[in-house]
Amino acid sequence: MVKWGVMSPGAHLDTKIVPAMKALTNTDVVAVFSRSQERADQFAKTHDIPNAYSSIDAFGQHDMDAVFIASPNAFHSDYTKKMAAAGKNILCEKPMAIDLVSAAQMTTACLDAGVKLGIAFNLRAHPAHKQAKTLIQEHKIGPIVYVSGQWAFGTHGADAPPQRTGLRSWWHDPEVLGGSDTLMATGIHVIDLICDLLGDNIVEVTALSNGQTQEKPLDSLASVCCKFSKGTIANIVCSRIIPDSENDLMVYGRDGFIKGSNTISEKLEGSLIVGTETGTTNYDFAPEPLGNYSLEIQNFNEVVMGNELEVLASGQAGYHSLEVALAAVRSAWEGITIQI
Ligand SMILES: NC(=O)c1ccc[n+]([C@@H]2O[C@H](COP(=O)([O-])OP(=O)(O)OC[C@H]3O[C@@H](n4cnc5c(N)ncnc54)[C@H](OP(=O)(O)O)[C@@H]3O)[C@@H](O)[C@H]2O)c1
């Protein structure tokens, strides 16, 4: 049994992570931390968690194997360093931090403390993406020429995302988000996914957005063009104002293609379509709303238990996706191409 503690009991823990943990037979959620004892108690009661803390030091002293950090972006680094010092393995939400110095400190703190650090890039867990990665590694569609990935949503009739208030008001604060709304929300997931699939790093970034101006610092639509070290070009689109978005992955090789149809989603769902000279094959995935989250937690459980060596997404991977997302933010502000 892997004992977990969870930090910052907001929407993500409430509707996805804790329910996914509760459904796993080898996972026990033993403690919750909130900045308010009342909110910690309430969350513990709702989810049947035996211990509730509003002192981060007391929480860190609790007997648990791993901690899931779901705080607003700007607090990931501080919470990670504190939990590493307390000897806890950490699965931290994305973006891992809002600046590169903090991100590097997180990796160093975990290495120094001898604890594991994973970044919660759950798209990597989707079996369609795992299969796509294997096919790419086996050169089934030849060298990869061009990739695109889109993750957008929205509401019909709305020109802007809904206003979030109270404990959720940080979603409108560029300082806490890391300078962008959509890039740090879904864009960074797609950046990470494409880097993972290609096994390559991005070296050049140009971005356009409908934000990153003095009048409107936050975007609700961004398009990022990237070049990889081996020459592949990628386009990434993320938005909160495209209600009918088709959230697809397209990988074009010299000898074929791989399409993830609606696989870029919080749910485990969609289809994988693989086309080569010999024909086209479809693989369908029945919707599992919490499937990708369960798989990411299971992976971390295996790492904590010593049965699996590799976390799904490492601190280094989190660092690279952050440096690309921050470069995209700067590119959108300044209208320039950024070399990484
Ligand atoms: N991987 C994914 O699929 C995915 C999906 C959604 C979200 N996320 C990530 O998960 C994280 C949390 O998202 P969420 O939607 O759960 O957030 P949320 O509901 O808006 O807020 C989470 C909690 O953070 C705490 N908080 C709020 N303002 C704070 C502040 N100024 N300082 C410190 N703590 C504060 C509050 O808990 P207390 O005050 O009670 O401590 C709040 O309930 C984000 O980093 C987000 O990017 C990832």
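Two strands count as paired where DSSP finds at least two bridges between them. On that basis, the strand pairing of this predicted model can be set out, followed by the contact between its two domains.

In β14, T280 is the bridge partner of G275. The two strands concerned, β13 (residues 268-276) and β14, run antiparallel and are joined by eight bridges. The connection between β13 and β14 is a hairpin of two residues.

This pair belongs to an open sheet of nine strands. The strand order is β14-β13-β12-β11-β7-β10-β9-β8-β15, and the pairing is mixed. The edge positions are held by β14 (279-288) and β15 (338-339). Each edge strand has a single partner, so one side of each is left without a neighbour in the sheet.

Strands of a sheet pair through backbone hydrogen bonds, in either a parallel or an antiparallel sense. The parallel sense is found between β7 (residues 144-152) and β10 (residues 233-239), which share seven bridges. Within this pairing, S148 of β7 stands opposite N235 in β10.

At the level of the whole chain, the protein is divided into domain 1 (2-119) and domain 2 (122-339). Their C-alpha centres lie 24 Å apart. Domain 1 contributes 39 residues to the contact, and domain 2 contributes 34. The area buried between domain 1 and domain 2 is about 2900 Å². Carbon and sulfur atoms account for 72% of that area.

Polar links also cross the boundary. Nine residue pairs are in polar contact between domain 1 and domain 2, both residues of each pair being at pLDDT 80 or more. One salt bridge is found across the interface. A salt bridge is formed by E266 and K16, with the closest N and O atoms 3.1 Å apart.

On the side of domain 1 that touches domain 2, the elements giving two or more residues are both strands and helices. The strands are β1 (2-7), β4 (66-69), β5 (89-92) and β6 (117-119). The helices are α1 (11-22) and α5 (100-113). Of these elements, α1 gives the most, with eight residues. By residue class, this side of domain 1 divides into 24 nonpolar, eight polar and seven charged residues.

How values were computed:
Residues are numbered from 1 along each chain as its sequence is written. This is a predicted model: local features need pLDDT of at least 70, side-chain atom pairs count only at pLDDT 80 or more; totals for chains, interfaces and linings use all residues. Side-chain values use heavy atoms; hydrogens and water are left out. Domain bounds come from an automatic or database domain assignment. Contact means heavy atoms within 4.5 Å. Buried area is the accessible area (1.4 Å probe) that two parts lose on being put together, summed over both. A salt bridge is a side-chain nitrogen of Lys or Arg within 4 Å of a carboxyl oxygen of Asp or Glu. A polar contact is a pair of N or O atoms within 3.5 Å; within protein, one must be able to donate a hydrogen and the other to accept it, and residues adjacent in sequence count only if both atoms are side-chain atoms. Helices (H or I, at least four residues) and strands (E, at least two) are DSSP runs, numbered from the N terminus. Ala, Val, Leu, Ile, Met, Phe, Trp, Tyr, Cys and Pro count as nonpolar, Asp, Glu, Lys and Arg as charged, and the others, Gly among them, as polar.
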